Amino acid sequence: MFAIVNEVELGPEDLVALRADLHAERAFRLEQLAGISPSRDDLPADQHAREEVLTALAAAARVVLTDVSAALRRMDAGQYGCCHLCDRPIPLACLRILPHARFCGPCHQLKEAVS
């Protein structure tokens, strides 16, 4: 049996694998945040550049966590795999690479060009 979600044909094994990938990504990012969140008191005064890098890494990890959580909610609601801009399906090959993808390839490029 296959689930058709916004014209993307995802078999049960695809959904299970993608869900597992999303959970693994979430676990990795939570672990990453735990490892890169030192208090300001832990860093010597001359380590401001290092602190800025850690802050940027933590912010990026939080963005990915938000995207992963949103993808899991879309999956639970049966709305997973659809581009947020054009409503066209995101190819399964793309979802395998980036399971929390919100945009199809053309819309992602358009969004990046505008940003």
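Buried means under 20% relative accessible area, exposed means over 50%, and partly exposed is what falls in between, with a 1.4 Å probe and protein chains only. Keep that handy for the exercises below. The model is a predicted one, where local features need pLDDT of at least 70, side-chain atom pairs count only at pLDDT 80 or more, and totals for chains, interfaces and linings use all residues. Residues are numbered from 1 along each chain as its sequence is written, and side-chain values use heavy atoms, with hydrogens and water left out.

**Exercise 1. Work out how Asp76 is tied to helix 1, and classify both partners by accessibility.**

Step 1: get the rule straight. A salt bridge is a side-chain nitrogen of Lys or Arg within 4 Å of a carboxyl oxygen of Asp or Glu.

Step 2: find the partner. Asp76 pairs up with Arg19, and their closest N and O atoms are 3.0 Å apart.

Step 3: place the two. Asp76 sits in helix 2 (residues 48–76) and Arg19 in helix 1, so the pair links distant parts of the chain, 57 residues apart. Helices here are DSSP runs (H or I, at least four residues), numbered from the N terminus.

Step 4: classify. Asp76 has a relative accessible area of 57%, so Asp76 is exposed; Arg19, at 29%, is partly exposed.

**Exercise 2. Find the salt bridge between helix 1 and helix 3, then say which end is buried and which is exposed.**

Step 1: Asp14 bridges to Arg96, with 3.0 Å between the closest N and O atoms.

Step 2: Asp14 belongs to helix 1 and Arg96 to helix 3, 82 residues apart.

Step 3: Asp14 has a relative accessible area of 11%, so this end is buried. Arg96 comes out at 52%, so that end counts as exposed.

**Exercise 3. Track down the salt bridge inside helix 1 and check the length of that helix.**

Step 1: Glu25 and Arg29 make the bridge, their closest N and O atoms being 2.7 Å apart.

Step 2: the two lie four residues apart in helix 1, about one turn of the helix.

Step 3: Glu25 is at 21% and so counts as partly exposed, while Arg29 is at 19% and so counts as buried.

Step 4: helix 1 (residues 12–35) has 24 residues and reaches 35 Å from first C-alpha to last, close to the 34 Å expected at 1.5 Å a residue. That expected span is 1.5 Å times one less than the number of residues.

Step 5: tally up. The count comes to three salt bridges.

**Exercise 4. Describe the surroundings of Asp21.**

Step 1: Asp21 is in helix 1 and, at 35% relative accessibility, counts as partly exposed.

Step 2: leaving out residues up to four places away in sequence, Asp21 touches Arg96 and Pro99 (contact means heavy atoms within 4.5 Å).

Step 3: Leu95 is 74 residues away from Asp21 in sequence, yet 9.9 Å away in space, C-alpha to C-alpha.

**Exercise 5. Spot what is unusual to look for in the backbone at Asp87.**

Step 1: phi of Asp87 is near 70 degrees, a positive value in a residue other than glycine.

Step 2: Asp87 is found in the loop between helix 2 and helix 3.

Step 3: the relative accessible area of Asp87 is 56%, so Asp87 is exposed.
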